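Biologist: I am new to this structure and would like to learn how to read it step by step. Could we look at it together?

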Amino acid sequence: MNTPANKPGLLLVNLGTPDAPHSGPVRRYLREFLSDPRVVDIHPVGRWMLLNLIILPTRPAKSAEAYRKVWMPEGSPLLVYSRALEVAVREKLGHEYDVALAMRYGSPSIPDTVAAMRARGVSDFTVLPLYPQEATSSSASSLARVYEVLSSGWDVPNVRAVPAFHGHPSFLDAFAQVARPVIAEARADHVLFSYHGVPERHVRKTDTSGQHCFASAGCCDALTDANRHCYRAQCFATTRGIVERLGLAQGGFSVSFQSRLGRTPWVKPYTDLVLPELAKQGVKRLAVMCPSFVADCLETLEEVGMRAREQFVEAGGESLTLVPSLNAHPAWVDAVVRMVRESDGAATAGASPWRQGAPTPSR
Ligand SMILES: C=CC1=C(C)c2cc3[nH]c(cc4nc(cc5[nH]c(cc1n2)c(C)c5CCC(=O)O)C(CCC(=O)O)=C4C)c(C)c3C=C
Ligand SMILES: [Fe+2]
Ligand SMILES: [Fe+2]
């Protein structure tokens, strides 16, 4: 065992993925995911009916087919790339932290991973939810589950969470570093920033003032005290940070939200409506970045890299190039190390100036 007792733990948490690209494992995964009241936030009876009568009879087979198109010899891309990040972070921080990866849904599960860490003597935890922007259905759900598991015994360990990093300079630098050569090689004439969508209802719930989100057309254009937990505003802040680093001109980029599910309104504009609109406006070579994910997964590789590409070309575009995610890129590994050190106070005082008193951190 290379992990002596009493090292603090660093728990990296991502969303999760099925164990295999077949209906059975996908059904198990979707059942766990969509039973979460932070994901489908409706009355439990309505959720049960939606899940068992509408989603689970048909979606697993369709999703499994999509998963098969991107499945890697080593497994699901989300897990393969998250594991690669875990290994790379352990190489850098393993002498200080017991580093482990858990998934909110599926495996490696949060309870199993935490139990193994505790068995190795970990009694202090730093948790890094691997989502740049805060959402009820991703970071909040992951943290709530970690807290629930860690507080279930008699002795409750110390826990610290690394804050959402939507405007962290090292995260933005890493994405710009990955994107720059890809955009150049594609000779892209436009860059689309496509973020995972969430229901508008979820964003409203994080608006503690009750008066900000969706109150005006530009309510997400700046990140202020009033909307600092707004997922959509955080996505715009990430976009500004990357746009500035890439030197993109106004009009040379757009923002949209993908992967919507169900009939209720999700945050807009929708990626599948923006794509034909861009083609209609004369965009020929489109590059798409997906900075709500730090690892390539079904939503980047299949939804954007395959389906969106087809849609864009059918609408008159020439090419759509997916910018790869951060995966285990060295600049991203360094960013993770920096964010962990900052949040644990190991860095010098004032190590997170982008958070302090800056209304729009990415600017
Ligand atoms: C970026 C963070 C994510 C948020 C926020 C999020 C919200 C959200 N998602 C669904 C429904 C589905 N998402 C699915 C896949 C999926 N979602 C994320 C991340 C976020 N989701 C990732 C990383 C993935 C890919 C997982 C993988 O295995 O590669 C799926 C499953 C696939 C499918 O059947 O299409 C569903 C369903 C909702 C309803 C939601 C907010 C309420
Ligand atoms: Fe999702
Ligand atoms: Fe908002």
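Modeller: Let us begin with a term: the domain bounds used here come from an automatic or database domain assignment. What you see is a predicted model, and its chain is divided into domain 1 (9-161) and domain 2 (169-322).

Biologist: What separates the centres of domain 1 and domain 2, taken over C-alpha atoms?

Modeller: Taken over C-alpha atoms, the centre of domain 1 lies 24 Å from that of domain 2. As for how the two meet, 20 residues of domain 1 are in contact with 20 residues of domain 2, where contact means that the C-beta atoms, placed from the backbone, lie within 7 Å.

Biologist: Which elements give two or more residues to the side of domain 1 that touches domain 2?

Modeller: Those elements are α3, α4 (77-93) and α6, and the largest share, 5 residues, comes from α4. Sorted by class, this side of domain 1 has 11 nonpolar, 6 polar and 3 charged residues.

Biologist: Turning to the ligand, how many residues surround ligand 1, and which are the closest?

Modeller: Ligand 1 is surrounded by 22 residues, of which T17, S63, A135, C297 and L298 are the closest. By class, this shell holds 12 nonpolar, 8 polar and 2 charged residues.

Biologist: Where in the chain does the shell around ligand 1 come from?

Modeller: Both domain 1 (9-161) and domain 2 (169-322) contribute, each with at least three residues. Among the elements, α3 (59-70), α6 (136-150) and α11 (298-301) each supply at least two residues of the shell, and α3 and α6 also appear on the side of domain 1 that touches domain 2.

How values were computed: Residues numbered from 1 in each chain as written. Chains lettered and ligands numbered in written order. Predicted model: local features only at pLDDT ≥ 70, side-chain atom pairs only at ≥ 80, totals over all residues. Near = placed C-beta within 6 Å. Helix = DSSP H or I, 4+ residues; strand = E, 2+ residues; numbered from the N terminus. Nonpolar A, V, L, I, M, F, W, Y, C, P; charged D, E, K, R; others polar.
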